[in-house]
Amino acid sequence: KVAMSHFEPGSSINYEKLHENVSIVRKRLNRPLTLSEKIVYGHLDDPAGQEIDRGRTYLRLRPDRVAMQDATAQMAMLQFISSGLPKVAVPSTIHCDHLIEAQIGGAQDLQRAKEINQEVYNFLPGSGIIHQIILENYAYPGVMLIGTDSHTPNGGGLGGICIGVGGADAVDVMAGIPWELKCPKVIGVRLTGTLSGWTSSKDVILKVAGILTVKGGTGAIVEYHGPGVDSISCTGMATICNMGAEIGATTSVFPYNHRMRTYLEKTGRGDIASVADTFKEDLVPDEGCEYDQTIEINLSELKPHINGPFTPDLAHPVSEIGAVAKKSGWPLEVKVGLIGSCTNSSYEDMGRAASLAKQALDKGLKCKSQFTVTPGSEQIRATIERDGYAKILTDVGGTVLANACGPCIGQWDRRDVKKGEKNTIVTSFNRNFTARNDANPATHAFVTSPEIVTALALAGTLNFNPETDYLTAPNGEKFKLNPPTGDELPSRDFDPGQDTYQHPPAEGSSVKVDVNPSSTRLQLLEPFDKWDGKDLVDMRILIKVKGKCTTDHISAAGPWLKFRGHLDNISNNLLIGAVNVENNAVNKVKNQLTGEFGGVPDVARFYKVRLNVGGLKNVRSCNYLPSFHVLHPV
């Protein structure tokens with residue numbers, strides 16, 4: 001018996017059950033299995049009887065654990081409370097990261113967040129960016145984990161099937177109910193060659209996004225394989241899987257290898273690595289397995305990429321972005337460079353960025369752009385401080401922010417430009433949709449690797465190719481940056497930093513949930529009326545959405561995050577960023593009863609009142625929906 005994490009000695013990894021289920025399914029299907037199939041089918045509620053057909057049937061699954069962040073966890077926990085169950089059925093964690101706004105710097109911003117969000121933090125424990133904390137402590141090869149965040153697939157870098165879901169799905173699993181998932185197709189990405197020089201793991205997913213676009217992965221798991229996999233670090237694999245959300249993929253995954261084993265050992269989980277070695281056959285794809293689609297990428301030929309603006313699938317080689325920006329009329333000046341976030345905040349990422357900053361400092365040069373650094377966890381923050389990376393990044397002009405999402409999800413009190421002012425920022429984040437980072441629709445946001453962000457922040461312009469172009473030192477000396485270098489993992493053990501883990505009580509029945517009835521942040525849920533057995537008929541469409549419809553469009557983050565625990569208030573955010581197919585307008589829909597146009601939430605509330613007058617109660621608009629044809633009975 002091996003514990004899932006050192007925080008949970010009573011919860012063991014059950015590789016035997018995974019192996020048993022995989023054997024049953026392989027015998028039934030009588031064909032080689034992909035890694036994705038092994039882990040997914042290995043968690044079937046009924047492996048002997050469940051119908052399995054990729055892309056068609058629905059699977060009933062038993063995930064191993066649940067992870068939530070402080071924004072989405074509020075509603076999930078309110079829903080779980082309403083179930084009346086005494087405890088969760090599987091290990092479940094909460095991580096406070098979304099509600100911390102970047103303004104001044106890490107310590108000050110964290111203290112401000114504690115004051116502003118006091119009632120929420122009294123309700124929810126936790127710290128650090130959810131996906132980095134999961135990778136460091138809770139993910140493991142073969143795990144099936146669902147998380148209430150789009151970028152939960154980050155855990156695929158450690159060989160797990162980790163899927164982002166809505167709060168209601170998480171509650172099902174916490175309540176011990178089988179979780180439903182349409183049997184995913186599998187897209188294989190075969191990697192050959194070796195990463196080197198300026199090319200990083202981020203460039204793999206930037207290239208894949210350019211190939212598949214923001215919808216090309218829909219309904220599929222992206223499975224990386226091939227000899228090139230071994231040239232990528234475990235945290236680099238996590239970066240690739242994390243941004244797989246931007247191609248619409250169910251999740252992404254890498255096969256178990258020695259890079260994962262080393263990472264497990266370095267993060268104090270050598271016992272898991274030893275057991276994973278024993279069951280390695282179940283943690284890699286079968287020879288001869290078939291994919292629904294195959295993409296091939298030669299890492300030795302891959303060039304550094306930068307994607308954007310306004311969409312993460314508009315891919316450009318860094319060598320061409322200056323010319324493309326000039327032709328397109330995009331601002332060349334880089335106002336702010338931002339590194340870190342859940343996508344790129346590993347020790348390796350920070351080390352490679354620091355190696356470039358050190359070269360500049362040695363020549364007396366600092367960043368021409370504003371420069372921010374977001375560590376992904378307390379462990380990363382403490383370790384880069386101990387090993388000198390934080391000082392180098394600060395000395396070159398950087399501001400180290402809190403171990404939180406910050407600007408990546410719009411929690412950024414940006415003051416250097418006015419709303420509506422056209423400008424360019426470059427980030428190592430995962431998303432760059434319109435107004436995503438700073439609520440300014442005129443901000444041209446580009447996503448790239450931390451190394452390229454650092455180089456462009458030093459140059460102050462998009463029109464700079466670090467592989468060929470020169471920087472100018474204060475004394476007039478021209479110099480070229482050497483390719484970035486950085487250790488995959490610290491030579492010494494990680495410094496854990498401040499211990500912020502809060503263990504659940506052994507007996508939770510005495511815990512009181514205290515929610516102020518007049519709170520605008522939290523609202524206890526009331527049960528719906530029991531169904532009367534009659535179907536709803538004559539349904540009208542509230543809105544049919546055109547084009548991109550990510551969680552950003554369904555329920556934008558930023559200032560709205562503070563209402564995630566209050567159903568009525570967060571409903572004012574319903575699809576206000578989505579484009580109506582009828583008129584190509586944002587947040588403007590036709591009221592089918594009056595013929596007038598109004599905001600999506602306003603029309604929904606009108607229908608709700610009219611329905612209540614007609615005797616149908618408890619019809620609510622909600623912020624996360626399974627599809628985007630939003631129906632209201634009238």
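**Sheets, helices and ring pairs**

Q: Which helices are included in what covers the buried residues of α14?
A: This is a predicted model, in which local features need pLDDT of at least 70, side-chain atom pairs count only at pLDDT 80 or more, and totals for chains, interfaces and linings use all residues. Residues are numbered from 1 along each chain as its sequence is written, and side-chain values use heavy atoms, leaving out hydrogens and water. Contact means heavy atoms within 4.5 Å, while buried means under 20% relative accessible area, exposed over 50% and partly exposed in between (1.4 Å probe, protein chains only). The cover of the buried residues of α14 includes α6 (130-137), α13 (347-362) and α15 (389-395).

Q: Which residue just after α14 takes a positive phi?
A: Helices (H or I, at least four residues) and strands (E, at least two) are DSSP runs, numbered from the N terminus. By that count α14 spans residues 378-386, with Ile380 and Ile384 among its buried residues. Just after α14, a positive phi of about 90° belongs to Gly388.

Q: Which residues form the covered face of strand β6?
A: In a regular strand the side chains alternate between the two faces of the sheet. In β6 (residues 179-182), Glu180 and Lys182 make up the uncovered face. The covered face holds Trp179 and Leu181.

Q: Which residue of β6 stands opposite Leu61?
A: Two strands pair if DSSP finds at least two bridges between them. β1 (residues 58-61) and β6 pair over 4 bridges in the antiparallel sense. Opposite Leu61 in β6 stands Trp179.

Q: Which are the edge strands of the open sheet with the order β3-β2-β4-β5?
A: Its 4 strands pair in parallel, and 4 bridges join β2 (residues 65-69) to β3. An edge strand pairs on one side only, and that is the case for β3 (92-95) and β5 (161-164).

Q: At what angle to β2 does helix α7 run?
A: Axes are lines fitted to C-alpha atoms, for helices over the stretch in contact, and angles run from 0 to 180 degrees between N-to-C directions. α6 lies across β2, β3 and β4 (144-147), at about 150° to β2. Helix α7 (residues 167-174) also lies across β2, β3 and β4, and its angle to β2 is about 145°.

Q: How great is the average twist from one strand to the next in the sheet β9-β8-β7-β10?
A: This open sheet of 4 strands has parallel pairing, with β9 (251-253) and β10 (293-298) at the edges. From one strand to the next, the twist averages 20°.

Q: What is the angle between the planes of Tyr224 and Phe254?
A: Rings of Phe, Tyr and Trp (its six-membered ring) pair if their centres lie within 6.5 Å; planes under 30 degrees apart count as stacked, over 60 as edge-to-face and the rest as tilted. Tyr224 lies in strand β8 and Phe254 in the loop between β9 and α10 (258-266), 30 residues apart. Both are buried. The pair is stacked, with 4.7 Å centre to centre and a plane angle of 5°.

Q: Why does Trp560 count as partly exposed rather than buried?
A: Trp560 pairs edge-to-face with Phe563, at 6.1 Å centre to centre and 65° between the planes. Phe563 is buried because its relative accessible area is 18%. Trp560 counts as partly exposed because its relative accessible area is 22%.
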